[in-house]
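Thank you all for coming; I would like to walk you through one structure this morning, going slowly from one region to the next. Please have the sequence and the model open in front of you while I talk.

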Amino acid sequence: MPSATTTHSHRPTSKVQPKSFKSRKTTKGALRDQAKGKVPNEKGQRKTPHQQVMSKFDRRNQAKQRQLAKHKEHQKETSVFSGRDAAPRIVAVIPLCADVDVLAAIKSLNSSLDIESEITETTIRVSVDRFKQKLQYVPTGRDLTASMDAARTADYVVFVLSSEVEVDSLGELMIRSIENQGMSTLFTVVQNLDKIQPAKARPDVVKSLASFMTHFHPGQEKIYSLDSRQESSNLMRSLCTTTPKGINWRDQRSWMLVDEIRWPSTETESTVLTGIVRGKGLKADRLVHVGDWGAFQIEKITAAPLPAKKRKDDTMAVDETEAENVLEIPGEDQDDLAELAPEEVTMDDMEAEDMTEPPSKKGVLLDDHHYFSEEEPEAYTAPKKLPKGTSNYQAAWFLDDVSDSESELDDEEMEDAGALDTPAAPEDGIEGIANREPTEAAMSEYPQSEMFIEPDEDDDAAQLEAYRARKRDEVEDDKEFPDEIELHPNVLARERLSKYRGLKSLRTSPWNKEEDQPYQPEEWTRLLQISDYQSSRNRSIREALVGGVAPGTRVHIHLKGVPKELEKSYTPSRPVTLFSLLRHENKKTSLNFDVTHKEDYEKSIKAKEELIVQCGPRRFVINPLFSLGGNTENDVHKYCRYLHPGQSAIATFMGPITWGAVPTLFFKRTSLEHGNGVSLQLVATGTARAPSTSRVIAKRVILAGHPYHIHKKVVTIRYMFFNREDVEWFKALPLWTKRGRTGYIKESLGTHGYFKANFDGRINPQDSVGVSLYKRVWPRNAVPFTGPLLEEGPSESQNEAMDEDIQ
């Protein structure tokens, strides 16, 4: 008898499906259908060798090869630090607080490994016998310039914090500046932690300092205490065994921290800089940039080995001055110091006197044509009334004196042939045009003309002042039209805006560069022209990979033409850096930088305002132009008068080129009240991008008018111009409204600048009518910066030329 708990169910079908993974159950026909005509391939469907299924032996061999390659790369990176005459590991010790003693911090690190050495304010070189390494400390005071110079040549950066005093605004500025210029491996230490009482409060202090540092560097979770011998020795172990991270832009060049400078005693002698070559090989054919001194040519490079320890008898001592081992001398390919191309010899054309004067222009330049400038006036052609949808070809078959009386179409379904080709150009061009309004059953666009009554001059002036006072408040609140300007009624617009032109589209309309030649800078044609930036950059960087004095070699570098005035301003306590420039890096061109406004600087940055920029090893005083980024068809980019907080733009100025994506810092002089106790602020950061002399920066001005009388699509506009001649001069420019309507000037009314305009749709009485004009602005020249970044007193130097908004 079956159990009561068992249940019975019927199968849905009696057909049993074979299991798909049982290949022996598959018939030849099923295999043929499954292949679907594909040819069997023993290697599978993977195309590349990396996609092939490898055996266990091949996978082990590949992993072993990767391991050996990584080990070889690690040995190559650390080979400069190995050996008896190896280069020391450069450690920059930077204080962030006012009560930090840098020399005491270095002494604490040395005493943790029982190293005895003399502690001075200059660079300190010690030998760590336990780890068979050499360290070179670079102590810096609370000096922004010295800290940044030491950090960009250091293998390790050590920030020293205080357990009692917080990091002030100068310390935060040093952190942000060093971080944004590029920094190698970072360590953080705290000083005088034993002074915190009670002792149980010390871990909270360390946690607070770690939280502060992780705000700037998320990886800095460990804070070493200099009062603990164990933690100090652990830090020394890390300094001697850790592979430095390095800086990308620095490692592409040859660089050196100068240990000693020998000034010439006579005019025939050269200045000699002594140090150890780092990075790539040092070539005598390339120029070198020394600190803030500038670029110099190399006369020769000689070996400078450290003197060996003398034996008990001095008879075996060799005089170093007997023989000078010259490692490299410049050849025929040596770079010169010329920043600009040589001037071309222009021959005077004898036939130039017989040349006829160009025809006088009667209208503004729109794209690449001066409208209304022909000798014979254009005859006005009345628009035809055509059926809707008539093409230009079909319109030629409609005669003027024949009316289509038998057509069933009414006048409401007719349209003007001239309206078909109306250029659509709102504020930026055809990209901002609004959709056309549907055709309405209404009167014709050309109603019967009404008599225009000339307004009284006093009433018109009072209405203009009231209109602009109301509008000024609206601009401050909304900033709808940042490029809008207001012309004085007694100023002629065609003279004030003689350099400006019109564009149907800012992104696609051609830019006639012949009109800009009278206004371009004198040295513009002598700047470096780069047709293919990527190829030129790769060629210059690959050239630095081979040849030159090998890294790790201690050398004497003999420089030509070093001014004697630099000896008076030289301070031994400040580090001096030397960077070898790549080919062409001393030649000037139009530089472009991707710039981002710093979030901690609350004010806007005005274009052409004086800034201090640091790009790689060089610093300049610049007056940059800001423009919008992106790629356009005509390579025309809108000029920005301000860089507001949180915005990004392209900064442009003329200066020597720097190959590669090098980080760039922008500083601004401020008063002590606005700078939180520091007369310098980091206002923006950026990255170098491809320079270009063909990139057009177009400043836009907007002339706004007010709808005075609206009748359908015909509008009478005032306050844009103030005389009839200006209306006729700018008659070819397309009009646009804030809501996206476009139109054109039909005719001038009276003598006060009123005119009648046609639009592609009804406009709102509260709408504002505008016309866009553009002028090319040229980048300004950069001046090399000398001296410290932070001065004793505040500096509020402002460039008077930046207020030239229209000229």
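Let me begin with a single side chain, that of His558, which makes a polar contact with the side chain of Thr302 at 3.5 Å. I should say at once that what you are looking at is a predicted model, and everything I describe should be heard with that in mind.

Where does His558 sit along the chain? The residue belongs to strand S19, which covers residues 554-559. His558 is buried, because its relative accessible area is 6% and the cut-off for buried is under 20%. Leaving aside residues up to four places away in sequence, His558 touches Thr302 together with Arg262, Ser270, Thr271, Val272, Gln297, Ile298, Glu299, Lys300 and Glu324.

Let me step back to the chain as a whole. The protein chain has 807 residues, of which 43% are buried, and its elements number 14 helices and 37 strands. Of the contacts between residues at least 6 apart in sequence, 78% join residues at least 24 apart. The accessible surface of the chain comes to about 46,300 Å², and carbon and sulfur atoms account for 49% of that area.

Now to a sheet that I would like you to trace strand by strand. Six strands form an open sheet with mixed pairing, in the order S2-S3-S1-S4-S5-S6. The edge strands are S2 and S6, the latter being residues 224-225, and each of these pairs on one side only. As a reminder, strands of a sheet pair through backbone hydrogen bonds, and they may do so in a parallel or an antiparallel sense.

Take S3, residues 133-139, as the reference point. Why do I call this strand largely enclosed by the rest of the structure? Because six of its seven residues are buried. On one side S3 pairs with S1, residues 89-95, in the parallel sense over five bridges, and within that pairing Gln136 of S3 is the bridge partner of Ile90. S3 also pairs with S2, residues 124-128, in the antiparallel sense over five bridges, with Val128 standing opposite Gln133. S2 and S3 form a hairpin with four residues between them, and in that turn Lys132 has a positive phi of about 55°.

Further along the sheet, S5, residues 185-191, runs parallel to S6 and is joined to S6 by two bridges, with Val190 and Ser225 as bridge partners. Helix H3, residues 102-111, lies across S1, S2, S3, S4 and S5, and runs at about 165° to S3.

The loop that follows S5 deserves a pause, since two backbone features fall there. Asn192 lies in the loop between S5 and H6, and has a positive phi of about 60° although it is not a glycine. Asn192 is partly exposed, with a relative accessible area of 22%. Pro198 is found in the loop between S5 and H6 as well, and the peptide bond leading into Pro198 from Gln197 is cis, with omega near 0°.

A positive phi in a residue other than glycine also appears at Asp635, where the value is near 60°. Asp635 lies in the loop between S25 and S26, and at 25% relative accessibility counts as partly exposed.

I will finish with another covered strand, S23, which spans residues 611-615 and has five of its five residues buried. Which way do the residues of S23 point? Leu611, Val613 and Cys615 point one way, whereas Ile612 and Gln614 point the other way, and all are buried.

S23 pairs with S24, residues 618-622, in the antiparallel sense over five bridges, and Gln614 stands opposite Arg619 there. These two strands make a hairpin with two residues between them, in which Gly616 takes a positive phi near 65°. S23 also runs antiparallel to S29, residues 663-669, and four bridges join the two strands. In S29, the bridge partner of Gln614 is Leu665, so that is a good residue to find on your screens if you wish to follow both pairings of S23.

Definitions and conventions: Residues are numbered from 1 along each chain as its sequence is written. This is a predicted model: local features need pLDDT of at least 70, side-chain atom pairs count only at pLDDT 80 or more; totals for chains, interfaces and linings use all residues. Side-chain values use heavy atoms; hydrogens and water are left out. Buried means under 20% relative accessible area, exposed over 50%, partly exposed in between (1.4 Å probe, protein chains only). Two strands pair if DSSP finds at least two bridges between them. Contact means heavy atoms within 4.5 Å. Axes are lines fitted to C-alpha atoms, for helices over the stretch in contact, and angles run from 0 to 180 degrees between N-to-C directions. Accessible areas come from the Shrake-Rupley method with a 1.4 Å probe; for residues, only the protein chains shown count as cover. A polar contact is a pair of N or O atoms within 3.5 Å; within protein, one must be able to donate a hydrogen and the other to accept it, and residues adjacent in sequence count only if both atoms are side-chain atoms.
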